[in-house]
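These are my notebook entries on what I looked up, written for someone in a first year of study. I begin with a term and then work through the sheets, the cysteines and the contacts between chains.

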4 protein chains.
Amino acid sequence: MAADGSHRGQGAEHSACLLISCPDGPGIVAAVSGFLFAQGANIVTSDQYSTDPEHGTFFMRLTFYLPALEQTRGGFEAAFGALAERFQMRWRISYASERRRVALMASREDHCLMDLLWRARRGELAMDVACVISNHELARSEVEALGVRFVHIPVLEGERAAAEERALAELAGVELVVLARYMQILSSEFLARVGCPVINIHHSFLPAFAGAEPYRQAYERGVKLIGATAHYVTEQLDEGPIIEQDVQRVGHRFTVTELARGGRDLERMVLARAVARELEDRVIAHAGRTIVF
Amino acid sequence: MAADGSHRGQGAEHSACLLISCPDGPGIVAAVSGFLFAQGANIVTSDQYSTDPEHGTFFMRLTFYLPALEQTRGGFEAAFGALAERFQMRWRISYASERRRVALMASREDHCLMDLLWRARRGELAMDVACVISNHELARSEVEALGVRFVHIPVLEGERAAAEERALAELAGVELVVLARYMQILSSEFLARVGCPVINIHHSFLPAFAGAEPYRQAYERGVKLIGATAHYVTEQLDEGPIIEQDVQRVGHRFTVTELARGGRDLERMVLARAVARELEDRVIAHAGRTIVF
Amino acid sequence: MAADGSHRGQGAEHSACLLISCPDGPGIVAAVSGFLFAQGANIVTSDQYSTDPEHGTFFMRLTFYLPALEQTRGGFEAAFGALAERFQMRWRISYASERRRVALMASREDHCLMDLLWRARRGELAMDVACVISNHELARSEVEALGVRFVHIPVLEGERAAAEERALAELAGVELVVLARYMQILSSEFLARVGCPVINIHHSFLPAFAGAEPYRQAYERGVKLIGATAHYVTEQLDEGPIIEQDVQRVGHRFTVTELARGGRDLERMVLARAVARELEDRVIAHAGRTIVF
Amino acid sequence: MAADGSHRGQGAEHSACLLISCPDGPGIVAAVSGFLFAQGANIVTSDQYSTDPEHGTFFMRLTFYLPALEQTRGGFEAAFGALAERFQMRWRISYASERRRVALMASREDHCLMDLLWRARRGELAMDVACVISNHELARSEVEALGVRFVHIPVLEGERAAAEERALAELAGVELVVLARYMQILSSEFLARVGCPVINIHHSFLPAFAGAEPYRQAYERGVKLIGATAHYVTEQLDEGPIIEQDVQRVGHRFTVTELARGGRDLERMVLARAVARELEDRVIAHAGRTIVF
């Protein structure tokens, strides 16, 4: 887990993270850092990136410490809003004391699901798991044993719309959906209505082996590395902006079954890293790619 | 998990693994493969290594398939024993249908412990967990929820000998002990009496940062990679033959706490790989080092 | 460089490597190892693999030491040929004392070319470089400074056939052709007539980003790793059996130019490893994939 | 090569890099970014790090673009000097249009040496190689073929002081010394007088296997990974602040010779990355460790 630069440690009630994007131009850093200094904030970390200093888009992530932040949020946000307007910024602020409400969706395979639940319980992932939704009953007892609500929503042939409707009802108020090996395709309508980012893990090094049975495809092509890719879900299947990828060496002795088994560790590591970065407000999707601070 | 070449798949009741070491010399491979052919066995995988073709030691691992093996074990072993004597072989045979009895020992940190239990339950590790021994009560409910016996053996100052005595009683009949972040030093007497291999995970890239608080040592030295090492336990602390190691990139932003958190994934992966190889009879310790087939 | 198990060290004049493939069935290992024992040979390393013990194909690579091998080659090969016929083996033998004649082909970029020449000169690659063929003059002085013949064969529009004819004339007697960033497509006719394996380096993790400008494609897709793939050249561009692949982490700050620069180290390492394995007779192409011992 | 965020591309004559360290406290980022904005500079990249927001040390690296920078350097530096004094900053500025003068020192092994010279020639390393100093004559013709001055300074027993005196004379005006497998120990007096950073490559994963023959030590300990470490040279041998490290998997089949051969690629990659980061002003040594932006 990339734990560096987290703003959720000691003194969390006084810490926040600001994520900004706007048209690039002179004076942005000076204005933002001057504003924070004037508010009495101490900048802890700062990252920035510009697609092009002329006519490009500018991105910035700042974490800062501000005593009495709990009391002054409203005023702080109003004041920053004024500055943001001047630079045509899109921005969001998150407070280290507030954890995101996350829903996990899975199918038969539970290695990614259980790994995320475990990390949440250990405090490695700053999230509250609102519920687990699965189209199979298999993981119920293990999920409930960890005190997490389990919702079984079967997806029958020709009844996907109804199943999605039920899922959307469960997802009200959720701020992030993680598809932890959820093997159903979500409709455009679902994505339009869910109202929060959706992260998926695909068990290949995308764009290689998109679609069904990537380990079989990998076996047949005879690749020497297998991969896993965590990405935002968009309407185009397996084509959303990539957050994180990794690979693992394999050889001619691996059968399709052994590739799948060997890939499990990879899948859960890659997904956990992507979710951690999302929860730390490190990821911005832009023009089909991601900036990961 | 390195799953290739396993002999524990389909037809497991007819499969076996032979691990051999002997003084090197001409004709060993011919004799062994001729013997197996004569017995009607089909060699599935074969690995060999010699420290030196002249006057060195020769090592060999064979997996083979032999219809009716279940019925003919006694005769097979007697016949091979005669051949083995001729070449002064040390050898052991394991049958794919028999799983090893393994005990896990842990202290406060449970990430390695739970990871091994989880893999065992999914069938990724061919072992039966006889019990979990811990000097803390913390993991009891989780371990028992998986149907595994949990034994709390506190280690009080000045009473290590008594604690080890209790542990030895629990370990009777166990074929492998895995120290999954067990933070107590085991005495030479314990190691002499336990009667089976003991594998430990050390949270550094040995021989760097042996001893206490390796992540603190790593922080202070300013290394750019942290590591984990799985090794056989010998009387010399942290000096036993190394089975598996791996590393992970870190940077100047990591605090000691963040190094420890980041290292957890590494520790559990490295330990799981070492245990898998041990269970597949792939590891031979020789002259302070290991051959890993 | 995977240097383990090489048969080209001390006593090279007495060492050889046997590479075998045949229909799988009982008794092959026993027959081969029995034959070598009877000839007085000492097996140094042995690897085997079967696509399926029943009705599959069996592959084996043995290196062995045989005093007086220099004198007895003819007899040895005739005797083994008889055994081979019995098992319907395809086989080849190579002698550690004989180095393969290799031709390198390159275009503008010379990092892979110079790296291979350099490794050859240091003795890391057991080959004699017959010549370097390029469709550009750029690398002439550097190549000739290393005492290697440089042949400039421009490839003009519409005159590929003539250029290939010239190249084929230069390649007479060559046992391996390495395309070290040669940016021309070779015709099926060329491949049919060249009479030896052709290895190419493609600057992506195939099958992702086949075809032109892979670093631009990688940039546009926003991948978090770039790759390189060494493969045998077949009629289908970028679809030949893969010998070796590797990847390297990149991020959102990399421009297309920086990806290309960062990929150079990857390309030369991957190509050098593939060539080394080919020269050590470790690679067998089978059914569109490779076995790499 | 980590090529991201370089300030030495197009428009290099208008680009610069500012590296700052000072006691941490409020308002530093605001002051620096406000200063650059007032000067008409556009910040291209910015990194910062604090050992501790209270009473710690603050580090910052900025690259920026300033039209007419060539003409206004003197005024710019004077103005920034005033600001720097207010915050008790240590700082240095480098201009993308100026390349550092670097000397390389090597002994018998030339793989690191030739790799750096090659990269310099290809434009991958923004440096001018002032000279190569070696205690052996071996590499002369190759170095001179690249148009670089070669100075042979033998180090005879008991005459190290005289040899160092000669080397110091050659190194006048040099801004960085790179020990590219230079196998002589440099005296404290030499380090005190050389007046610029000295970077060394050690062929192990420090702190493991410091001192002589690290590959032999690695072999004897039976490690499963070999490493290389680039570090600043200090009076304590092999104990200077680490800039970069990497590792490579090995196994029981590797002899000491094969470890050394396999490690060459690692050594040249690790050293090249460390030198690139130093040349891009990304590295600050502090309290025995490094911050690498």
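I call a residue buried when its relative accessible area is under 20%, exposed when the value is over 50%, and partly exposed in between, using a 1.4 Å probe and protein chains only. Helices (H or I, at least four residues) and strands (E, at least two) are DSSP runs numbered from the N terminus.

The model is predicted, so that local features need pLDDT of at least 70 and side-chain atom pairs count only at pLDDT 80 or more, whereas totals for chains, interfaces and linings use all residues. Residues are numbered from 1 along each chain as its sequence is written, chains are lettered from A and ligands numbered from 1 in the order in which they are written, and side-chain values use heavy atoms, with hydrogens and water left out.

**Entry 1: strand 3 of chain C**

I looked first at strand 3 of chain C, residues 57-65, and found that seven of its nine residues are buried, so this strand is largely enclosed by the rest of the structure. For its partners I counted two strands as paired if DSSP finds at least two bridges between them. Strands of a sheet pair through backbone hydrogen bonds, either parallel or antiparallel.

Strand 1 of chain C, residues 15-23, pairs with strand 3 of chain C in the antiparallel sense over nine bridges, and I noted Ile20(C) standing opposite Met60(C). Strand 2 of chain C, residues 42-50, is also antiparallel to strand 3 of chain C, with eight bridges, and here Ile43(C) faces Phe64(C) as its opposite residue. Six residues lie between strand 2 and strand 3 of chain C in the hairpin that they form, and His55(C) in the turn has a positive phi of about 65 degrees.

**Entry 2: the sheets of chain A**

In chain A, I found an open sheet of four strands in the order 2-3-1-4, with antiparallel pairing. Its edge strands, each of which pairs on one side only, are strand 2 (42-50) and strand 4 (90-95) of chain A. The twist from one strand to the next averages 10 degrees, where axes are lines fitted to C-alpha atoms, for helices over the stretch in contact, and angles run from 0 to 180 degrees between N-to-C directions.

Two helices lie across strands of chain A, and for these I took contact to mean heavy atoms within 4.5 Å. Helix 1 of chain A (residues 28-39) lies across strand 1, strand 2 and strand 3 of chain A and runs at about 20 degrees to strand 3. Helix 2 of chain A (residues 69-86) lies across strand 1, strand 3 and strand 4 of chain A, at about 170 degrees to strand 4.

A second open sheet in chain A has seven strands in the order 7-6-5-8-9-10-11, and its pairing is mixed. Strand 7 (150-152) and strand 11 (242-249) of chain A are the edge strands here, and the twist averages 20 degrees from one strand to the next. Within chain A, strand 9 (residues 198-202) and strand 10 (residues 225-232) run antiparallel and are joined by four bridges, and Asn200(A) stands opposite His231(A).

**Entry 3: the cysteines**

How many disulfides are there over all chains? With a disulfide taken as a pair of cysteine sulfur atoms within 2.5 Å, I counted zero over all chains. Cys17(A) is in no disulfide, and the nearest cysteine sulfur, that of Cys22(A), is 16 Å away. Cys17(A) is buried, with a relative accessible area of 1%, and stands opposite Thr63(A) in strand 3 of chain A.

**Entry 4: how the chains meet**

To compare copies, I used superposition by least squares on the C-alpha atoms of residues with pLDDT of at least 70 in both. Chain C can be laid on chain A with an RMSD of 0.0 Å by a turn of 180 degrees and a shift of 0.0 Å along the axis, which is the relation of a two-fold axis. Ala208(C) comes closest to this rotation axis among the residues of chain C, at 2.3 Å (C-alpha).

This contact takes 36 residues from chain C and 36 residues from chain A. Buried area is the accessible area (1.4 Å probe) that two parts lose on being put together, summed over both; for chain C and chain A it is about 2900 Å², 51% of it on carbon and sulfur atoms. On the chain C side, Arg221(C), His252(C) and Arg289(C) lose the most area to chain A, together 25% of what that side buries.

The contact between chain C and chain B takes 16 residues from each of these chains. The area buried between chain C and chain B is about 1300 Å², of which carbon and sulfur atoms give 58%, and Phe37(C), Asn42(C) and Gln48(C) lose the most area in chain C, together 32% of what that side buries.
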